[in-house]
Amino acid sequence: MKKILPFVLLLLGLGVAVVFFVLDPSKTQLFPQCPFHAVTGGYCPGCGSQRALHNLLHLNIAGVVSYNFLFLPAALLLLYHYIHPVLNRIFAWKLPNLLYKKQTPWIILIIVILFWILRNLPWFPFSVLAPE
């Protein structure tokens, strides 16, 4: 099971990527809407992520940033998480993974909460953080 699970997850991820590449979440009713936005009218930290993923798969970086400003840093952080051990192994480095530092989850939590608050403020420049 341990040998099959990574391949199953990879296939699942590729399947999701194909769906998001082919279908535009802003034009298709297939994708769920944010429950927080539906109830409150405000934007959660994840609002716009589906449209941002669609734009990222089409290499439209401006579109990614306009839908969810934190999506790109989060994607890069995820990429770092998976590439870090590979680079350490290939180049025989012993660099520590910054994501496993004691304060990292707190820093990420503070950034996400600040983003959540700031993107709901109606004044410029904060209004730019709301999805298009």
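In this predicted model, buried residues account for 22% of the 132 residues in the chain. The accessible surface of the chain adds up to about 9,900 Å², and carbon and sulfur atoms contribute 76% of that area. Measured out along the principal axes, the C-alpha atoms fill a box of roughly 50 × 35 × 25 Å.The secondary structure is simple to read: the chain has six helices and zero strands, giving the pattern α-α-α-α-α-α along the sequence. Of the contacts between residues at least 6 apart in sequence, 44% join residues at least 24 apart.

How do two of these helices meet? Helix H1 covers residues 4-22 and helix H3 covers residues 49-57. Their axes come within 8 Å and cross at roughly 90°. Because angles from 65 to 115 degrees count as roughly perpendicular, H1 is described as roughly perpendicular to H3. The residues that meet here can be picked out in the structure: H1 brings Ala17, Phe20 and Phe21, while H3 brings Gln50, Leu53, His54 and Leu57.

The structure holds one salt bridge. Its partners are Asp24 and Lys27, whose closest N and O atoms are 3.7 Å apart. The two residues differ in their cover. Asp24 has a relative accessible area of 17%, so it counts as buried, because buried means under 20%. Lys27 reaches 70% relative accessibility and therefore counts as exposed, the cut-off for that label being over 50%.

On the surface, a nonpolar patch is formed by Leu76, Leu79, Ile83, Val86, Leu87, Ile90, Phe91, Trp93 and Leu95. Together these residues have about 830 Å² of accessible area. One of them, Leu76, belongs to helix H5, which spans residues 71-91. With 52% relative accessibility, Leu76 counts as exposed.

The loop between H5 and H6 offers two residues to look at in turn. Ala92 lies in this loop and has a positive phi of about 55°, although it is not a glycine. Ala92 is also exposed, at a relative accessible area of 62%. Pro96 is found in the loop between H5 and H6 as well. Is Pro96 buried, exposed or partly exposed? Its relative accessible area is 48%, so Pro96 is partly exposed. Leaving out neighbours within four places in sequence, Pro96 is in contact with Tyr80, His84 and Lys101. Pro96 and His84 are twelve residues apart along the chain, and their C-alpha atoms are separated by 8.7 Å.

A positive phi in a residue other than glycine is also found at Leu59, where the angle is near 60°. Leu59 sits in the loop between H3 and helix H4, the latter being residues 61-67. At 72% relative accessibility, Leu59 counts as exposed.

Further along the sequence, Thr104 has its place in helix H6. Thr104 counts as buried because its relative accessibility is 13%. Apart from neighbours within four places in sequence, Thr104 is in contact with Leu98 and Leu99.

The segment after H6 has features of its own. Pro125 is found there, and a cis peptide bond joins Phe124 and Pro125, with omega at about 10°. Glu132 also lies in the segment after helix H6, a helix that covers 104-118. Which residues does Glu132 touch, not counting those up to four places away in sequence? They are Arg51, Ser66 and Tyr67. Glu132 and Ser66 are 66 residues apart in sequence, while their C-alpha atoms are 6.0 Å apart in space. Even with these contacts, Glu132 is exposed, with a relative accessible area of 65%.

Methods:
Residues are numbered from 1 along each chain as its sequence is written. This is a predicted model: local features need pLDDT of at least 70, side-chain atom pairs count only at pLDDT 80 or more; totals for chains, interfaces and linings use all residues. Side-chain values use heavy atoms; hydrogens and water are left out. Patches are made of residues with over 30% relative accessible area and no salt bridge: like charges are joined within 9 Å, nonpolar side chains (Val, Leu, Ile, Met, Phe, Trp, Tyr) within 5 Å. Accessible areas come from the Shrake-Rupley method with a 1.4 Å probe; for residues, only the protein chains shown count as cover. A salt bridge is a side-chain nitrogen of Lys or Arg within 4 Å of a carboxyl oxygen of Asp or Glu. Helices (H or I, at least four residues) and strands (E, at least two) are DSSP runs, numbered from the N terminus. Buried means under 20% relative accessible area, exposed over 50%, partly exposed in between (1.4 Å probe, protein chains only). Contact means heavy atoms within 4.5 Å. Axes are lines fitted to C-alpha atoms, for helices over the stretch in contact, and angles run from 0 to 180 degrees between N-to-C directions. Angles under 35 degrees count as roughly parallel, over 145 as roughly antiparallel, 65 to 115 as roughly perpendicular and the rest as oblique.
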